[in-house]
Amino acid sequence: MKMAYSAVALIDALGFKGIWKRYPPQQIIEKLVDLRTKGIEAATRIETILDKLEPARGSFPRPKVTIKSLSDTLFIAAGV
């Protein structure tokens, strides 16, 4: 069996409870879409850095970066 390596980050938007009562729904949705977009942009920057590090990686496989969003939580994972 081959050993796999991975890292996971869960980023939660604090203060989300009751937010639908405090702000207009459209504003909340726009902020969540913006959060997801920034997460994808961060993953793209990570991919660019990994590309630059490729010669130094040797035989270590290139990690795959995944971004998912669920409600007020952003899930970021990188693994090989």
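In the predicted model, I67 is in contact with G39, I40, A43, L74, F75 and I76, once its neighbours within four places in sequence are left aside. Two of these partners, A43 and L74, belong together with I67 to the largest nonpolar core, whose five residues are completed by L50 and V65. Within this core, helix α2 and strand β2, the latter spanning residues 64-70, each supply at least two residues.

Helix α2, which covers residues 25-57, also carries a pair of oppositely charged side chains, K38 and D34, which form a salt bridge with their closest N and O atoms 3.3 Å apart; the structure holds one such interaction. Side chains of opposite charge can pair when their charged atoms come close. Because K38 and D34 lie four residues apart in helix α2, about one helical turn separates them. As regards solvent accessibility, K38 counts as partly exposed, since its relative accessibility is 46%, and D34, with a relative accessible area of 35%, is likewise partly exposed.

The largest pocket encloses about 200 Å³ of space and is lined by A13, F16, I19, Y23, Q27, I28, K31, L32 and L35. Helix α2 provides the largest share of this lining, amounting to five residues. Classified by side-chain type, the lining of the pocket consists of seven nonpolar residues, one polar residue and one charged residue. Helix α2 thus recurs in each of the features described, as a contributor to the nonpolar core, as the element containing the K38 and D34 pair, and as the source of the largest share of the pocket lining.

How values were computed:
Residues numbered from 1 in each chain as written. Predicted model: local features only at pLDDT ≥ 70, side-chain atom pairs only at ≥ 80, totals over all residues. Heavy atoms only, no water. 1 Å grid on protein atoms, 1.4 Å probe; cavity = no way out; pocket = protein on both sides within 12 Å on 5 of 7 lines; lining within 4 Å. Points joined across faces, edges and corners; volume = space filled by probe spheres on them. Nonpolar A, V, L, I, M, F, W, Y, C, P; charged D, E, K, R; others polar. Salt bridge = Lys/Arg side-chain N within 4 Å of Asp/Glu carboxyl O. Buried < 20%, exposed > 50% of the residue type's maximum accessible area, 1.4 Å probe, protein only. Core = buried A, V, L, I, M, F, W, Y, C linked by side-chain atoms within 4.5 Å. Contact = heavy atoms within 4.5 Å.
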